[in-house]
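Reader: I am in my first year and would like a close look at one part of this structure, namely its salt bridges. Could you take me through them with care, and then turn to a neighbouring topic, the pairing of strands?

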Amino acid sequence: MHTGLKITAFAAALAATFGSAYAVGGVMDPAVAEQGPSHQDGHGAKEAAEKGVGEKSAGEATELPGGLQVSQGGYALDLSTPRVEAGEPAELRFAVVDEDTSRKVTAFRREHDKELHLIVASSDLTTYRHLHPERAADGTWSTPVELPEAGGYRVFADFTPDVKNAEGITLGADLAVSGDARPEALPKAERTATVDGYEVTLDGALRPGAGSELKLEVEKDGKPVTDLQPYLGAYGHLVALRAGDLAYLHVHPNGEPGDGRTKPGPEVSFTATAPSKGAYRLFLDFRHEGKVRTAAFTVHAGGAAAGDPVPENGESAEHGH
């Protein structure tokens, strides 16, 4: 695994699956040069926005969003399962490698109940998996997976090395799923998503370069769900992926179970900052009655669009598509 293998590998995979026009349009987005930090928590995102952290000043280069690079900060993602068959059970195997020593990393900080969070998403953002791999003593991670549709996918490893002054890192690698690939269009923006009889409503706007609150309210059979169960140390887990290049934005909720002020539903609140204008797909994991479900939304940052969620203050949601 080499440091130079970064966005170019993903661009090639996108081009092979969707055509060069789509790939170049996503990866060569001029806003990429103005990205801010991508690994945020509910309070840190707001503080970063207020202080201007992540904004590009004259002569200063800001780091890319998470997931666009296979190596960053001295660590590399070594995906030893680069291809699986569509609709067939498979095992993903990978490791995080210390580039200075070429050894597999075995020490991680435990965050939100896990040492490492693994996300797999299709390039058209219609398939999403939040997996929980297990680590062997030698640093090799593995997890079962079954992906329904053929095409290009991206694997994201979200972790923090257990070393002094370490910060969270999200690395990304390409995964090919063999079969008859038929990519779909990005779903249109809607305020409400339904999953397994649950209705989740999104209120708020995702804004480029500024922290904003996203509220998601969960109902079942027309009644508010007030007994959400903790999942990964919270009542909700939210991931955002930018359409085109799949830049990764991982946000955490405002508050946590047991803090004396956060209720177990029906509302879960997040603070997030979009790294650029554009279309994003939000994936909310929530747990109720012992099962984790995922509600997905398309949102736009950077201008008004019909059908986008509108915040409570009446200001239009933004769209930069």
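Author: What follows goes through the salt bridges one pair after another and then turns to one sheet. Please keep in mind from the start that this is a predicted model, and that each value given here is computed from it.

The count of salt bridges comes to 11, and a few of them deserve a slower reading. In the pair formed by K220 and E289, the closest N and O atoms are 3.2 Å apart. K220 belongs to strand 14 (residues 212-220), while E289 sits in the loop between strand 19 (278-288) and strand 20 (291-301), so this pair ties together parts that are 69 residues apart in sequence. As for their surroundings, K220 is partly exposed at 25% relative accessibility, whereas E289 is exposed, with a relative accessible area of 55%; the cut-off that matters here is that a residue counts as exposed when the value is over 50%.

A second pair is made by D162 and R109, whose closest N and O atoms are 3.9 Å apart. Here D162 is found in the loop between strand 10 (151-159) and strand 11 (169-178), and R109 in the loop between strand 5 (103-104) and strand 6 (116-122), so the salt bridge ties together parts that are 53 residues apart in sequence. D162 is partly exposed, its relative accessible area being 44%, and R109 is likewise partly exposed, at 29%.

A third pair joins R93 to E91, with 3.8 Å between the closest N and O atoms. R93 is partly exposed, with a relative accessible area of 36%, and E91 is partly exposed as well, with 43%. Besides such pairs, there is also a network of salt bridges, in which D196, K291 and R293 are linked.

Strands 19 and 20, which helped to place E289, lead on to the sheet. This is an open sheet of four strands in the order 17-16-19-20, and its pairing is antiparallel. Its edge strands are strand 17 (248-251) and strand 20, each of which pairs on one side only. From one strand to the next, the twist averages 20°.

At one end of that order, strand 16 (residues 237-242) and strand 17 run antiparallel and are joined by four bridges. To follow this pairing down to single residues, you can look for L241, whose bridge partner in strand 17 is Y248.

Terms used. Residues numbered from 1 in each chain as written. Predicted model: local features only at pLDDT ≥ 70, side-chain atom pairs only at ≥ 80, totals over all residues. Heavy atoms only, no water. Salt bridge = Lys/Arg side-chain N within 4 Å of Asp/Glu carboxyl O. Buried < 20%, exposed > 50% of the residue type's maximum accessible area, 1.4 Å probe, protein only. Helix = DSSP H or I, 4+ residues; strand = E, 2+ residues; numbered from the N terminus. Pairing = 2+ DSSP bridges. Axes fitted to C-alpha atoms, helices over the stretch in contact; angles between N-to-C directions.
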